[in-house]
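Reader: Hey, can you walk me through this one? I'm new to reading structures.
Author: Sure, have a look and then we'll talk.
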Amino acid sequence: MPIYFQPISENLPFSLESIGNHWLQDSVSRKLGYAHYHWLQTESGQGQIQLAGQLIPLAPGEGVLLPPFTPHAYFPDTGTGETWRTRFVTLNGLLADQFPKILGTNQPIFAKDNPEFSYSVWINQIVNQLENRTLDAAQTSGACYQLLMYLSKGYENQLAISHPLFQQYISPTITKIETAYAEDLTVERLAAEVFITPQYLTRLFRRFTGKTTQQYLLDTRLNKAKAFLMYHQERSVETIASQVGFSSVSRFVQVFKEKNGVTPGRFRRG
């Protein structure tokens, strides 16, 4: 359970007040909050954080950035039967007073690991460099700025998710894709289920996700395929192709290689 306090100078533009991973997380209550920006992320098990009278679960990969002096409490979710372990990083530096402008808000930001950026990997890499005494202070200061920029995208996503058009059209479509990706889904069918045209649905998908409806569906199928390839060695590539919604195994192999640079078989072998 490594934890490091102020491993680089706080006189850099962006710095680390503390950082750690594999932390066996106890219950914490801070009625006056904490003095710095604090990112807390679930590594395993599940926790709950209390903010403004609300209890919000933090599943593996999910985290929250707490601005300075934000009253909060967090504790393990004992109902899961698992130990709650966390990763965390607390930020300071000469430009700390500019963090709200960089983030676009001074409110808590919820985010999670995603294909574009993994907060878990970011923390693990910094901790590994500290353990091996290879940490470069200037590069780490720049990495802290990178972290803030991705968290600002998390805030933009929160705004998008709360938008009425997202709630009415995109959210149910995403649920349909996530649960029925093995079926013969088309953009036309998805649009019909929310009573709008395929063209309008695609415009909304571009607006809120940066992808077309078809791209989102394809990415979901390929991500599901990766999980099956990694964790279900007993399933053939042909079986997995069918289970993620491809009618042709040759098409599945072609698209998988175009997106990932390797065939499904090569991906499975690592």
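Author: One term before we start: two strands pair if DSSP finds at least two bridges between them. Strands are DSSP runs of E with at least two residues, helices are runs of H or I with at least four, and both are numbered from the N terminus. This is a predicted model, where local features need pLDDT of at least 70, side-chain atom pairs count only at pLDDT 80 or more, and totals for chains, interfaces and linings use all residues. Residues are numbered from 1 along each chain as its sequence is written, and side-chain values use heavy atoms, with hydrogens and water left out.
Reader: Ok, so what order do the 4 strands of the open sheet come in?
Author: The order is β3-β8-β5-β6, with antiparallel pairing. β3 (28-30) and β6 (54-58) are at the edges with a single partner strand each, so one side of each has no neighbour in the sheet.
Reader: How many bridges link β5 and β6?
Author: There are 5, between β5 (residues 47-51) and β6. Gln48 sits opposite Pro57 in β6.
Reader: Switching topic: is Tyr4 buried or exposed?
Author: Partly exposed, because its relative accessibility is 24% (buried is under 20%, exposed over 50%, partly exposed in between, with a 1.4 Å probe and protein chains only). Tyr4 lies in strand β1 (residues 3-5).
Reader: And which residues does Tyr4 touch?
Author: Leaving out residues up to four places away in sequence, its contacts (heavy atoms within 4.5 Å) include Glu17, Ile19 and Leu130.
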